[in-house]
Amino acid sequence: MTESSAAVFEPGAGDPRFWRDGAIATTVFMLLVLLLLTVDSLRVLTEGGGGNVPAYTVINQKITYEFDAASNMDKPVIGEEELLFGHRYSEAEAKAIMDKGKLVIQSRSCINCHAFFGNGAYYAPDLTKAWLDPTWEKMWMPMTQAKTKEEAMVQFLMHPDRYPTWARQMPNLNLSEEEARAVTAYLKWISSVQTNGFPAGFGRREVAR
Amino acid sequence: MNQSKKLGVQYLTASIVMMGALLLFGLLASIFYLKYGFLLGKLDFNIVKQVHINALIIACLWGFMGAIYWFLPDELGIETVGIGLARLLFWVFVAAVAVVVLVFIFVQYGSSDESGMWLVNQGRKYVEAPRWAAIGIVAVFFTLAYNIFASVAKARKVTGIMGVLMTTMVPLIAVYLIAFPAPTNMSVDLYWWWWLVHMWVEATWELIIGCILALALMKLLGTSRKVVEIWLYLEVALVLGTGILGLGHHYFWIGTPQYWLSIGGIFSALEPLPLLGMVVHAIYDAGKHQMKTHNKPAFLWLIAEAFGNFIGAGIWGFMMTLPQINLYSHGTQWTVSHGHFAFYGAYITGIIAVAYMVAQESRGIREVRGNAWKWAFAGLNIGMVGMVGALLVSGMSEAFIGRALGGSTLDGFMASQSNSWFMQGMIARTGFGVIIVASYFILAWDLATLGRRREKPSPALATS
Ligand code: HEM
Ligand code: HEM
Ligand SMILES: [Fe+2]
């Protein structure tokens with residue numbers, strides 16, 4: 001045992017001030033490193049900043065999620081134009097509908113059943129890549145008789161209680177059509193965020209029941 | 001009893017009562033997993049769970065504040081400065097919490113604009129409280145900080161413990177301010193939100209409970225100040241040295257740069273070290289003083305804290321903190337298992353320990369007796385360990401089936417949720433929850449009546 005660690009056990013030896021100064025130095029150093037990393041991370045996180053988070057106008061484009069062998073992870077791929085609700089959103093319009101979507105998500109406390117990027121609750125499915133979920137085409141479009149995926153989503157979000165399909169049931173949260181559209185746009189945008197491969201294998205796997 | 005101690009008793013009482021709400025709403029939330037369509041459209045899962053976790057935050061904060069107001073006069077030798085304001089704010093705080101809970105339960109959802117955020121529900125996990133209430137919490141924190149700083153100044157005595165406690169007030173308030181803005185960009189939102197959640201529970205609160213338990217140890221076992229302070233500084237160095245960059249274990253998958261996988265993985269993997277240190281400290285102290293104490297329950301709850309903190313936060317956290325594992329365990333009942341074990345082990349146990357010390361001293365009990373505390377201690381700990389074990393089973397099957405095999409789609413998720421191993425865990429969780437709730441009532445009864453009830457005749461007579 002070194003002299004200083006012996007001090008921990010033996011009162012009378014050692015000086016608390018030594019430990020105090022050590023604690024302060026460690027903390028200050030770690031905080032400085034965190035601040036530096038934060039500056040860099042926020043650059044990467046800013047929408048349309050050229051990092052991992054595309055601009056909100058990405059909702060005008062096709063998004064897919066594919067395995068990238070070079071980096072050994074699943075990554076969103078932004079493709080050709082694919083309008084949402086048949087509309088080409090300008091930068092300002094896209095921003096407005098995202099602002100709305102986020103507030104709807106907060107006001108209805110969505111993340112206390114669902115999760116985004118795996119954060120929230122686990123009673124209902126993670127919504128990070130919900131836009132890309134194969135069930136929209138396979139199941140919800142026929143069921144809601146909607147012509148497009150986004151319309152099926154709006155139908156479902158406005159009246160989830162009409163589709164008691166699973167082991168669990170989403171309540172009707174009284175979304176107006178405008179609110180349901182905003183959430184749909186938000187889900188499309190968020191599916192384009194590069195998340196270091198989470199969730200892994202999304203949409204590429206089938207599980208037997 | 002001086003005013004500060006009276007306020008300490010009030011806050012601790014409120015904390016124990018709030019634990020009742022925490023447990024009842026937890027038990028209610030668990031039923032949603034067992035019964036299709038439970039309370040659907042009346043009181044939905046998200047609302048019940050929201051009340052559950054907010055009750056947790058409030059129970060912890062009230063417990064800390066109770067302990068601080070209780071120990072402050074002992075530590076400084078004077079009545080706490082500004083205690084009149086603090087006592088007034090206690091009632092404001094209690095009333096505000098009651099209003100928020102009623103609004104959550106009866107109003108439930110606000111409008112999707114700023115007014116909804118100000119009046120009803122901010123919809124961000126753990127800090128759902130509407131902004132008006134959040135402002136109140138900031139005011140309470142400032143008053144607490146003022147009470148501590150002004151009292152230290154008046155007493156002209158900065159002990160090591162007080163130095164650490166004063167320092168914790170800065171992050172306590174600073175990161176709480178993150179509860180106000182609501183960035184549209186979810187990645188940016190979560191980046192800051194984790195500063196609040198992680199920096200509170202894995203840094204600031206660890207140090208606050210460290211200070212509280214240091215004070216408790218000196219009183220309960222007569223440990224020397226010097227030993228306690230050296231340990232506390234070591235804990236500060238290790239908790240912050242690992243925990244500040246350990247924040248990175250929440251920055252794996254939210255759009256953040258890839259270097260967080262290494263930084264978060266490495267530093268958070270070291271986070272259990274200080275918690276292990278506290279176990280060593282507790283065992284060493286207990287052995288040194290041959291466990292001689294006039295307050296057995298307080299002492300045992302302190303030991304439970306040391307182990308609970310190490311196992312619940314340290315081991316259970318470590319289990320899924322490396323990105324290679326977290327990629328699949330992230331956001332499943334596995335997370336919930338750790339969340340329960342850690343919060344219970346690190347904070348709830350510590351608050352209960354202090355509550356027993358306060359009950360003893362405030363009522364002038366020489367030796368804490370009776371059997372009720374034993375039942376409560378056994379029931380709560382067995383119930384909790386059983387519950388987190390059950391959650392771990394569910395969580396692992398969810399991770400393997402829903403995430404690894406199912407690829408986290410709606411279909412994969414639903415397959416994992418109806419899997420029979422998952423369901424067995426969920427049933428067991430509710431079962432253990434019933435044990436926990438029953439034991440809580442014994443605990444509350446014991447704390448309320450300690451020293452006020454007539455002691456039973458000796459056991460020899462009772463069994464005849
Ligand atoms: C002292 C005791 C307790 C503490 C400290 C506690 C703490 C927590 C925490 C921190 C969460 C959020 C976890 C996360 O999302 O990762 C949570 C969620 C939850 N708790 Fe508890 N809780 C306690 C008791 C209970 C009990 C007794 C039950 C039920 C028997 C329960 C049922 C739940 C449920 C169902 C959730 C929702 C998890 C989900 O999203 O699926 N809790 N609790
Ligand atoms: C007293 C200390 C701690 C408490 C109260 C605590 C509590 C929690 C809670 C409630 C969550 C869920 C957060 C959410 O999504 O809402 C969480 C997540 C997590 N904690 Fe802790 N924790 C503690 C210490 C630790 C330590 C020491 C480690 C690592 C060694 C750790 C590792 C993790 C990890 C990796 C996650 C993310 C889980 C996921 O990916 O879903 N925690 N913690
Ligand atoms: Fe953390």
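Let me start at ligand 1. One of its oxygen atoms sits 3.2 Å from an N or O atom in the side chain of B:Q333. Before I go on: this is a predicted model. Every distance I quote is computed from it.

Stay with the polar contacts of ligand 1. B:Y33 puts a polar side-chain atom 2.5 Å from an oxygen atom of ligand 1. Chain A takes part too. There, a backbone N or O atom of A:Y122 lies 3.2 Å from an oxygen atom of ligand 1. That fits the placement, with ligand 1 lying between chains A and B.

Which elements give two or more residues to the shell around ligand 1? In chain B they are α1 (3-31), α2 (45-76), α13, α14 and α16 (420-449). The biggest giver is α13(B), with seven residues. In total, 28 residues surround ligand 1. The closest are B:Y33, B:H52, B:K125, B:Q333 and B:H340. By type, the shell around ligand 1 has 17 nonpolar, eight polar and three charged residues.

Now the metal in ligand 1. Its iron atom is coordinated by B:H52 (NE2) and B:H340 (NE2), at 1.9 to 2.0 Å. Six donor atoms surround this iron atom, with angles of 86 to 179°, and the site is octahedral. The two histidines tie together distant parts of the chain. B:H52 is in helix α2 of chain B, and B:H340 is in helix α13 of chain B, 288 residues apart.

Are these two histidines buried or exposed? They fall on either side of the 20% cut-off. B:H52 has a relative accessible area of 14%, so it is buried. B:H340 comes out at 22%, and therefore counts as partly exposed.

On to ligand 2. Residues from chains A and B surround ligand 2, so this site is shared between chains as well. Its surroundings comprise 28 residues, of which B:K125, B:Y126, B:H330, B:T335 and B:H338 come nearest.

Three polar contacts to list here. B:H330 has a side-chain N or O atom 2.5 Å from an oxygen atom of ligand 2. B:Y126 has a polar side-chain atom 2.7 Å from an oxygen atom of ligand 2. For B:N326, a polar side-chain atom is likewise 2.7 Å from an oxygen atom of the ligand.

And the elements? α7 (186-221), α11 (296-319) and α13 (333-362) of chain B each give two or more residues to the shell around ligand 2. Again α13(B) gives the most, with seven residues. The split by type is twelve nonpolar, twelve polar and four charged.

What is the only protein donor of the iron atom of ligand 2? It is B:H338 (NE2), at 2.0 Å. B:H338 lies in helix α13 of chain B.

Next, the iron ion, ligand 3. The iron atom of ligand 2 and this iron ion are 4.4 Å apart. Which residues coordinate the iron ion? B:H198 (ND1), B:E202 (OE), B:H249 (NE2) and B:H250 (NE2) do, at 2.0 to 2.3 Å. Along the chain, these donors follow the spacing H-x3-E-x46-H-H. Two of them, B:E202 and B:H249, link distant parts of the chain, 47 residues apart. B:E202 is in helix α7 of chain B, while B:H249 is in the loop between α8 (225-246) and α9 (259-270) of chain B.

Why is the arrangement around the iron ion irregular? The four donor atoms subtend angles of 82 to 142°, which makes it so. For reference, a tetrahedral label needs all angles between 85 and 135 degrees.

Burial at this site. B:E202 has a relative accessible area of 18%, so it is buried. B:H249 is at 15% relative accessibility and therefore also counts as buried.

One last stop, B:S408. It lies in the loop between α14 (372-405) and α15 (410-418) of chain B. At 7% relative accessibility, B:S408 counts as buried. What is it in contact with, leaving aside neighbours within four places in sequence? The answer is A:P199, A:F202, B:G402 and B:R403.

To recap the metals. The iron atom of ligand 1 has an octahedral site. The iron atom of ligand 2 has B:H338 as its only protein donor. The iron ion has four donor atoms in an irregular arrangement.

Technical notes
Residues numbered from 1 in each chain as written. Chains lettered and ligands numbered in written order. Predicted model: local features only at pLDDT ≥ 70, side-chain atom pairs only at ≥ 80, totals over all residues. Heavy atoms only, no water. Near = heavy atom within 4 Å. Polar contact = N/O pair within 3.5 Å; in protein donor to acceptor, adjacent residues only side chain to side chain. Helix = DSSP H or I, 4+ residues; strand = E, 2+ residues; numbered from the N terminus. Nonpolar A, V, L, I, M, F, W, Y, C, P; charged D, E, K, R; others polar. Buried < 20%, exposed > 50% of the residue type's maximum accessible area, 1.4 Å probe, protein only. Contact = heavy atoms within 4.5 Å. Donors = N, O, S within 2.8 Å, 3.2 Å for Na, K, Ca; no water. Tetrahedral: all angles 85-135°; square planar, octahedral: opposite > 155°, others 65-115°.
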